[in-house]
Amino acid sequence: MTKCNYFLILAATMLSLFSCKTDSKNNQILTSEITFTKEGELSLFNLKDSVPSLINKIDIEIADNEYQIQTGLMYRKSMQDDQGMLFIFPEEATRSFYMKNTEFPLDIIFIDSNNKVVSIQKNAQPLNESSLSSEGPAQYVLEVNAGLSDQWKLKKGDSITYTKL
């Protein structure tokens, strides 16, 4: 065996010893709970004698890009009753949502381009992958804790306004 071959075999052996070593401490996946980030405020109104009457105000997170819209409230444990997530789409269309990886029940409120409630899917169940569709074209979708739309007496034709921070 030549000196060059001996050196190559020694170098390969040393390299394999160091590269095969695993450190189980570094194989852990760290996760942190996703927390609410206030990005705007939303007001809900109903019409009484053709005059808008405030139903309630909530803080909102805004989902307005592909990743945020696809992720929504997934992987969260809960949300406060004075909070919600507003999905903003570039145009009106029939919308369908599901509860995959969403761990708490929601009311899903579909809203048209004129800020009017089109329909409400009440008490959408956690982790359910059934499609929940709007009853008409919607440009916005508001997700709040299940039961709030009943508590607020929210109905088709009521309206919203929102502001981004």
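**Exercise 1. Start with R95: work out whether R95 is buried or exposed, and what its salt-bridge partner looks like.**

Step one: R95 has a relative accessible area of 11%. Buried means under 20%, so R95 is buried. Keep in mind as you go that this is a predicted model.

Step two: look for the partner. R95 forms a salt bridge with E91, and their closest N and O atoms are 3.9 Å apart. A salt bridge needs these atoms within 4 Å, so the pair makes the cut.

Step three: check E91 itself. At 43% relative accessibility, E91 is partly exposed. So here a buried residue is joined to a partly exposed one.

**Exercise 2. Find which residue forms a salt bridge with D158, and compare how covered the two partners are.**

Step one: the partner of D158 is K155, with 3.2 Å between the closest N and O atoms.

Step two: D158 has a relative accessible area of 3%, so D158 is buried. K155, at 41%, counts as partly exposed.

**Exercise 3. Trace the network of salt bridges that includes K38.**

Step one: take the pair K38 and E41, whose side chains meet in a salt bridge at 2.9 Å, N to O.

Step two: both are partly exposed, E41 at 38% relative accessibility and K38 at 35%.

Step three: add D59, which is linked with K38 and E41 in a network. Across the protein, the count comes to nine salt bridges.

**Exercise 4. Now for acids without a salt bridge: say where E143 and D112 sit, and how far away the nearest opposite charge is for each.**

Step one: E143 lies in strand β8, residues 138-145. E143 is buried but has no salt bridge, and the nearest side chain of opposite charge, R76, is 8.4 Å away.

Step two: see what E143 touches. Leaving out neighbours within four places in sequence, its contacts include L73, M79, F87, F97 and I108. D107 is also one of them.

Step three: D112 is in the loop between β5 and β6. D112 is buried too, again with no salt bridge; K116 is the nearest side chain of opposite charge, 7.4 Å away.

Step four: not counting residues up to four places away in sequence, D112 touches E92, V118, P137, A138, Q139 and Y140.

**Exercise 5. Lay out the sheet that holds β8, and work out why β6 and β9 each have one side without a neighbour.**

Step one: write down the strand order. The open sheet has seven strands, β6-β5-β8-β3-β2-β1-β9, with mixed pairing.

Step two: go to the ends. β6 (117-124) and β9 (159-164) stand at the edges and have a single partner strand each, so one side of each lacks a neighbour in the sheet.

Step three: picture the twist. Ignoring direction, neighbouring strands of this sheet are turned by 30 degrees against each other on average.

Step four: zoom in on one edge. β5 (residues 106-111) pairs with β6 in the antiparallel sense over five bridges. F110 has S119 in β6 as its bridge partner.

**Exercise 6. Step back and describe the whole protein.**

Step one: count the elements, and you get three helices and nine strands. Along the sequence they follow the pattern α-β-β-α-β-β-β-β-β-β-α-β.

Step two: look at the cover. The protein has 165 residues, and 36% of them count as buried. About 10,500 Å² is exposed, with carbon and sulfur atoms supplying 52% of it.

Step three: check the contacts. Among those between residues at least 6 apart in sequence, 67% join residues at least 24 apart.

Key: Residues numbered from 1 in each chain as written. Predicted model: local features only at pLDDT ≥ 70, side-chain atom pairs only at ≥ 80, totals over all residues. Heavy atoms only, no water. Helix = DSSP H or I, 4+ residues; strand = E, 2+ residues; numbered from the N terminus. Buried < 20%, exposed > 50% of the residue type's maximum accessible area, 1.4 Å probe, protein only. Lys, Arg positive; Asp, Glu negative; His and termini not counted. Contact = heavy atoms within 4.5 Å. Pairing = 2+ DSSP bridges. Axes fitted to C-alpha atoms, helices over the stretch in contact; angles between N-to-C directions. Areas by Shrake-Rupley, 256 points an atom, 1.4 Å probe, with all protein chains shown as cover.
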